[in-house]
Structure formats: structure tokens, C-alpha cells
Amino acid sequence: MGSSATSVASSAGTAAVSVAVANPSTAASAISTVATGKSPLEHAASAATKQDCNFLNALGPKPICSDIPVPSIKDMSEPYPGPTDTPSTSK
């Protein structure tokens with residue numbers, strides 16, 4: 001790279017860091033959105049409604065918040081008798 005390309009790349013990196021330092025909530029929002037696919041406001045709306053909320057759904061036919069599908073649970077447990085479960089033979 002030439003010196004001008006290097007200085008432009010360095011300036012862009014410095015600008016991104018200074019924006020993140022100047023606006024920590026914006027940086028946190030961007031990190032949350034990239035990591036989870038939801039903004040902090042969408043996480044708050046999901047927690048408040050106990051539903052899965054995505055504000056971009058407002059642009060289409062889907063509702064903004066929808067129920068979270070809960071998988072059915074099949075009980076496969078078995079009883080494990082312990083020493084107190086055996087009948088006593090002493091009189």
C-alpha cells in the first residue's frame with residue numbers, strides 16, 4: 001500500500017474508534033445487533049412482552065412481536081429406589 005492509502009485506512013479506523021468512545025450506547029447497540037441479531041430495544045421489548053420481538057417485521061405482514069415456540073417435553077425419567085424404599089424385615 002502507498003502512504004496515502006495507509007493514512008486513509010488509519011484515519012477510518014481512528015474515526016470508528018473515536019465514534020465508539022464518544023457514543024458508547026451506539027457502540028453497544030451495534031455490537032448487540034451484530035452478535036444477536038437484535039437491538040437492545042428489541043431485547044427489552046421481548047423481555048417485557050415475553051415474546052420474540054423484531055421491529056423490522058413492521059415492514060412486512062408479520063407482527064412485530066410473536067409467541068416464542070416452546071418445544072414439547074417428553075418425560076423419560078425412571079424411579080431409582082433408594083435404601084429407604086425397600087421394605088423393612090425387622091420386627
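**Figure 1. One disulfide is present in the structure.** This is a predicted model. The bond runs from Cys53 to Cys65, with 2.0 Å from S to S. The link is right-handed, with 110° about the S-S bond of Cys53 and Cys65. Cys53 belongs to strand 1 (residues 52-53) and Cys65 to strand 2 (residues 65-66), so the disulfide ties together parts that are twelve residues apart in sequence.

**Figure 2. Cys53 and Cys65, the two ends of the disulfide.** Is Cys53 buried or exposed? Cys53 is buried, because its relative accessibility is 0% and buried means under 20%. Cys65 has a relative accessible area of 23%. That makes Cys65 partly exposed, because this class lies between the 20% limit for buried and the 50% limit for exposed.

**Figure 3. Lys38 and Asp52 form a salt bridge.** Side chains of opposite charge can pair when their charged atoms come close. How many salt bridges does a search of the whole structure find? The search finds one. In this pair, the N to O distance between the side chains of Lys38 and Asp52 is 2.7 Å. The salt bridge links distant parts of the chain, 14 residues apart. Lys38 sits in the loop between helix 2 (24-36) and helix 3, while Asp52 sits in strand 1. Lys38 counts as buried, at 17% relative accessibility. Asp52 is partly exposed, at 36% relative accessible area.

**Figure 4. Glu42 is buried but has no salt bridge.** Glu42 is part of helix 3 (residues 40-49). Which side chain of opposite charge is nearest to Glu42? It is Lys38, 6.8 Å away. Glu42 makes no salt bridge with Lys38, because a salt bridge needs the side-chain nitrogen within 4 Å of a carboxyl oxygen. Lys38 has its salt bridge with Asp52. What lies 2.8 Å from a polar atom of the Glu42 side chain? The backbone nitrogen of Ser39 does.

**Figure 5. Leu41, Phe55 and Ile64 make a nonpolar surface patch.** The patch covers about 270 Å². Where is Ile64 placed? Ile64 is in the loop between strand 1 and strand 2. Ile64 counts as partly exposed, with 36% relative accessibility. Ile64 can join a patch because patch residues need over 30% relative accessible area, and Ile64 has 36%.

Note on methods: Residues are numbered from 1 along each chain as its sequence is written. This is a predicted model: local features need pLDDT of at least 70, side-chain atom pairs count only at pLDDT 80 or more; totals for chains, interfaces and linings use all residues. Side-chain values use heavy atoms; hydrogens and water are left out. A disulfide is a pair of cysteine sulfur atoms within 2.5 Å. Helices (H or I, at least four residues) and strands (E, at least two) are DSSP runs, numbered from the N terminus. Buried means under 20% relative accessible area, exposed over 50%, partly exposed in between (1.4 Å probe, protein chains only). Patches are made of residues with over 30% relative accessible area and no salt bridge: like charges are joined within 9 Å, nonpolar side chains (Val, Leu, Ile, Met, Phe, Trp, Tyr) within 5 Å. Accessible areas come from the Shrake-Rupley method with a 1.4 Å probe; for residues, only the protein chains shown count as cover. Lys and Arg count as positive and Asp and Glu as negative; His and the chain ends are not counted. A polar contact is a pair of N or O atoms within 3.5 Å; within protein, one must be able to donate a hydrogen and the other to accept it, and residues adjacent in sequence count only if both atoms are side-chain atoms.
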